[in-house]
Amino acid sequence: ADGTYVLSGVPADATTLVFSFIGYAAQELPITGSSTINLTLATDTKQLSEVVVTALGIEREKKSLGYSSQEVRGDAVQQSGETNIVEGLAGKVAGVQVIGSAGVPGASSKILIRGNNSFTGENQPLFVIDGVPLDNSYSTSDPENPFNTNLNGVAYSNRGIDINPNDIDTYNVLKGPAAAALYGVRAGNGAIIITTKRGRAGQKPAISFDSNVEFSKVNRLLDRQLTYAQGTGGGNQHNKDGSIKTAIYDTNGLDGSGGTSQSWGPTNQSLSITPTDNVGQFFRTGISTTNNFAISAGNDKGAIRFSLGQLRDQGIVQNTDFERYTARVNADTKLSNKVSIGASINYINSGGTRAQQGSNTSGVMLGLTRAPSSFNLKEGYQNDDGTQRTYFFAYDNPYWTIHNNPTRDNTSRILGNIVATWTPLSWLSIRNRGGIDTYADRRKSIFAVGSTAVPVDGSKSGEIREDNQFHRELYNDLTATVTYNVNEQLAATVTIGGNLNERYDQRLFGRANNLSVPGFYNLSNGSNLFAAESNSTVRSAALFYDVNLAYKDMIFVGTTGRRETASTFGPSVSSFFTPSVNGSVVLSQLDALKDSKALTFLKIRAAYAKAGNFPGPYNTQTYYASPTFTDGFTNGLSFPYLGVNGAGLSATIGNSNLRAEKVTSREVGVEARFNDDKITLDVTAYRNTSNDLLLGRPIAATSGYTRSFTNAGSIENKGIEAVVGLTPVRTTEGFNWNILFNYTLNRSKVLELAEGVDQFLLEAAFGTVDAYAIVGKPYGALYGTKWARADNGQLLIGANGRPTLADGGTSSYLANPFPNYLLGIRNNFSYKGAKLSFLLDIRSGGAIWNGTTARLNRLGVSKASEDRDRDYIIPGVKADGSANTTPISAFDYYQRYLGDLGAAGEQQVEDGSWVRLRELSLSYNFNKVAFFQGLEIYGSATNLFLRTNYQGIDPETSLTGSGSNITGLDYFNMPNTRNYRVGIRANF
C-alpha cells in the first residue's frame, strides 16, 4: 500500500517488470542496470476484478453488482483537508448532495442521496463503519424551546465529524434501497459503508506520520455602505409639504433608552466621523494543525494497526475552536486454519467553543453586519463595570458576545467491534459480529448578565444552559454463508442471518437565569431554574437472506430479503419485510465482443427493492406531557408554575397502527469502458417512491386533540446519475492525466399528503417564507407571499408607488431550494513523483431565501442602499394598465420593496447556482530518502474560486444545520472560508 517492494532471485534474462495494484492501472517498465526502479501508478477508477464492501460487510466483485454503488478512496477525502468526512465527500459521488453549514470550526454537514424520502423522519443515509452502524445525528440546544431552535443558537457538529479521515481506507456509497435493502428499515436513504485501514499479514513493521497546518480566511463578505451614519430621516424621505426630511444622527440606544438600529442618518463626513468597516476588521486568519501517527505490522498469524490523530482548529472568529483527539486499534489474528478473529476499538474526544449565530440578538453576524459604520464595535466594546458598549440596546456587541457568551461542548466517544469467523468446511463460513457506538456529549451555554438574548423577559439578568446527551447503540449480527459451484458454469452464494439492535438515548437539560453573581456560571447561581429529561429506547430484531447466482461469470442475479420487527411499530403491526432483486449481464463476455479492441467492458444492470425508515419512538400511544402556553414572542408558561407541577394529555393522539415508512426503488444502469479503459462510463436512471410517510394529520380540536401521527404521505424522486472517466494522456514515461465527471440530476415531487391536506409545514421559518410539502411540488418548497402581477407578468403598482401583494398576502409556492443538477469535475495529473489534482464543483439552480440582504436593505446598511439621495420608480403597471410613473423615496424603496418591511417573500428568493474550485492539491513523493521508505510534501487549498450571482455571502450555506430536513435559508449565517494547507507525510 505504501509502494515498497523488494525482488529477489530475478532471472538473468528477465526484461520487464509489471506493476499492478487494485484500483490502479498496471504499468510495465524495462529492467535496467539500476538496483532501484521507481514509478507512480495512475488511478484506474474501474477494474473488472475490483472487490467492494457492500451491505452487512459482504464483499462482492463490482462487476457482479446489479445496482449502483460508487467507491471513494479514503485518501481522496483526506486530501480535501476537510475536518468532517461528510463535507469531504462533496463533489466526489454522483447522486449525492452535501450541504455545509458554514466555515466555522466543527460546523455540521448534511448529506443526501437521491433526494429526500421522508417528511418528518431521517433523510440522511445510514453510516456503517467496519460493519457496525455509526450514529451521525445532530441536535440543537434548548430542547424545551417552543420555537424552531434550528434558526438560532450555535452551529453544533454532526457526529460523523468524530471520525478521523486519516483512518479511512474506503467509502462505498450504496445509493438506494436496491443496494442497502439488507439494512431493512434503516435503508430507505441508502448507506455509506466505511472500511478503516488495517495491518496486513506478513507485513514488516511500518510507521507513517502526517503533519500539516492550514490557514483559513473568509471566502466572501457582504458589501456594506460606509457613507451614512446611524440615524433616521434619510433616504430622500419627504415631509407633507414636499420638502426633504433632515437626516438625524440617532445614538440614544447607547444608554439603553431606545434609539435606532437603522443607518438612515446623515453622512459620516458631515459629522466628522471616520467610518469603520466593522465586518472587515472582525474576522481573523484561522489556523488549524493536524497530526496523524500510525504503526502497523503483521506475521503469518495476523496483523495490527495502531493510530493516533490530533486536530486543533482555531476559527476565523476569535474564541472559537474545535479539537479532536482519536486513538484507534485494528487487530486481526488466526486462532487456527478455521477460526479467525478481528477487532477494532476507537476512542474519540472532540468539541470546542462556538459562537452564537442566526436569528438571535446575541448572534455574531446579526449584530456585526447590522452595525452602522459610524460606530466602532471593537473600540471599547466592554465598559469598566463589565457591561457592554453597543450601538443598539436590543443587540449584543459581537466582540462582547464572543468573550462573554461562549458555548462549549465536549464529546467522549467509543466505537468498537469484534468479528469471529469460523470456516468448518471449505464451502461454509459462519460469522458473528458485535459492536458498540456510545458517547457522552456535554454542552454548556453561557449568556452573561447584560446579554440581550436571554431571558426573553428583557431583564438581561443572564442565563446558563447545561445540556448533557448520552447515546448508546448495541449491534450484533450472525451470518452463515455457503459458496457452492453447481458446475463449471454456475456458481451460487447464499447468506442467511439474524440481527439484533438497541439504541438508547438520554438527554438531561438544565437552565438557570436571573443570575445573582455575575461571572459565576453554575446552575445554583440562578434564581429561576428549569430542568428536563428525556429518554428513548428503540429495539429491533431481524432475519435476512442474501442469494447470488453467477452464470459463466457473465450473468449475475441477486436477491435479498429482511423481515424485521421494531419497538416503534404499532402493536397491531407485526413486522416489516424489505425485499430486493437485482441482475446484471456482462455483455463484453460474449464471443462477439471479447476480442474487441475498442470495447474493454460492457455491462447492463437493473434492480428493484423496498426498504424503509423507522417511525419515531413513542408515537403509538398517547402520553401525558407538560403543557406550554406561549404568546409567540416569549418561551411562555409551563409547569412547574408557582410551585405547582402538572401534566396533561398530549395534543397528539397515539396511533397503534403506525408502521415503517416504505421506499420503493427501481433503477437501470449501464457500465462501459473503451480503448483500454481510457474512457469509462457508468450511467444510472432511477425512480424512488416513498409511501406511508409519517406526518401529523390535523384533527378537530373539539376531540381534545389537534393531530394524530399517521402513515399517509407519498414522495417521488427520479433522476439520472452519470460517472464518466477519461484518460486523455497515459505515457510509458510516467505522465498521466485522468478526468472524472460526477453528474447528478434529481427531481422530487410530493404525490400525496393526508386526506383533505394539500400542504404540510415541514419546519417553521420566518413567516414570509417557510418550507412546505405541497402536493405536486418539490419537497421542501419555499412557500411565501408574492407580488400581484398583471397578465403580462409585470408588477401591479398601487397608488403609493409600491407593488401590491397577491391574494391579499396569502402565501403560495415560490421556488425549489434543491438544485437542478450537480456536476463535479476532478482532474488528476501525475508525473513520476509529482501529482496535481483539482476539483470543480458546479451547481445549477437551488433557490435561497436571502433574508440577510433584505434586512440590511431595510436598515440602510447594504451597499445598494448607499444610492439614496433620489427617488425611485419601480417598473410595473397601474391597475388601469398604464406604466407606473409614481416615484417613491429611496427609504421606502429599500425598506418596503427590496427590504423585508412588508415586501413579498418572493423578492428575497434568489438563484443559488455556483461554479467553485472546491479543491486544489499539489504533492511530490521522494520515495526512499535516507531512512525514509517514502517522503511526500504537499499543499492544498479549498474554495479558491467562487462564481455566483447570489447576493449573499455564499450560496453554500444552511442556517438550520444537518439536523433539519429543510434547506435554502440564509439569515445572518456564518461565512464560509478559503483554506490553504501545507504538510509532510513520511513512511518509515
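Here are some worked exercises on the predicted model shown above.

## Exercise 1: The nonpolar cores

Find the residues with the most contacts inside the largest nonpolar core, and follow one of them outwards.

**Solution.**
- Step 1. Start with the core itself, which has 60 residues. Those with the most contacts inside it are Phe119, Phe282, Phe283, Leu753 and Met974.
- Step 2. Look for the element that gives the largest share. That is helix 5 (residues 364–369), with 4 residues in this core.
- Step 3. Now pick Phe283 and set aside its neighbours within four places in sequence. Phe283 is then in contact with Val218, Leu221, Ile316, Val317, Met365, Leu368 and Pro975.
- Step 4. Finally, look elsewhere. Apart from the largest core lies another, of 25 residues, including Val53, Val132, Leu174 and Phe544.

## Exercise 2: Strand 15 and its partners

Work out which strands are joined to strand 15, and which residues pair with Ile287.

**Solution.**
- Step 1. Take strand 12 (residues 206–218) and strand 15 (residues 286–298): they run antiparallel and are joined by 11 bridges.
- Step 2. Turn to strand 16 (residues 302–314). Strand 15 and strand 16 are also antiparallel, and 12 bridges join them.
- Step 3. Check the link between strand 15 and strand 16: they form a hairpin, with 3 residues between them.
- Step 4. Zoom in on Ile287. Phe215 stands opposite Ile287, and in strand 16 the bridge partner of Ile287 is Gln314.

As background, strands of a sheet pair through backbone hydrogen bonds, either parallel or antiparallel.

## Exercise 3: Salt bridges, buried and partly exposed

Compare three charged pairs: where do Asp477 and Arg433, Glu463 and Arg465, and Asp892 and Arg896 sit?

**Solution.**
- Step 1. Get the overall count: a search of the whole structure finds 45 salt bridges.
- Step 2. Asp477 and Arg433 form a salt bridge through their side chains, at 3.7 Å from N to O. Asp477 belongs to strand 21 (residues 463–485) and Arg433 to strand 20 (residues 428–447), so this pair ties together parts 44 residues apart in sequence. Both Asp477 and Arg433 are buried.
- Step 3. Glu463 and Arg465 also meet in a salt bridge, with an N to O distance of 2.8 Å. Here too, Glu463 and Arg465 are both buried.
- Step 4. Asp892 and Arg896 form a salt bridge at 3.9 Å, N to O. Both lie in helix 9 (residues 890–897), 4 residues apart, which is about one turn of the helix. Arg896 has a relative accessible area of 32% and is partly exposed, because that class runs between 20% and 50%.
- Step 5. Add the network: salt bridges with shared partners join Glu87, Asp841, Arg916, Arg918, Asp954 and Glu956 into one network.

## Exercise 4: A sheet of three strands

Give the strand order of the sheet that contains strand 42, name its edge strands, and find the helix that packs on it.

**Solution.**
- Step 1. The order is 45-42-48, in an open sheet with mixed pairing.
- Step 2. Strand 45 (909–911) and strand 48 (969–970) are the edge strands, and each pairs on one side only.
- Step 3. Strand 42 (residues 847–850) and strand 45 run antiparallel, with 3 bridges joining them. Across this pair, Ile848 stands opposite Glu910.
- Step 4. The helix is helix 8 (residues 851–859), which packs on the sheet and touches strand 42 and strand 48. The direction of helix 8 makes about 30° with that of strand 42.

## Exercise 5: Placing Ala941

Decide whether Ala941 is buried or exposed, and list its contacts.

**Solution.**
- Step 1. Locate Ala941 in strand 47 (residues 934–947).
- Step 2. The relative accessibility of Ala941 is 7%, so Ala941 counts as buried; the cut-off is under 20%.
- Step 3. Leaving out neighbours within four places in sequence, Ala941 is in contact with Arg918, Glu919, Leu920, Asn979 and Tyr980.
- Step 4. For contrast, try Val909, 32 residues away along the chain: the C-alpha atoms of Ala941 and Val909 are separated by 31 Å.

Notes:
Residues numbered from 1 in each chain as written. Predicted model: local features only at pLDDT ≥ 70, side-chain atom pairs only at ≥ 80, totals over all residues. Heavy atoms only, no water. Core = buried A, V, L, I, M, F, W, Y, C linked by side-chain atoms within 4.5 Å. Buried < 20%, exposed > 50% of the residue type's maximum accessible area, 1.4 Å probe, protein only. Helix = DSSP H or I, 4+ residues; strand = E, 2+ residues; numbered from the N terminus. Contact = heavy atoms within 4.5 Å. Pairing = 2+ DSSP bridges. Salt bridge = Lys/Arg side-chain N within 4 Å of Asp/Glu carboxyl O. Axes fitted to C-alpha atoms, helices over the stretch in contact; angles between N-to-C directions.
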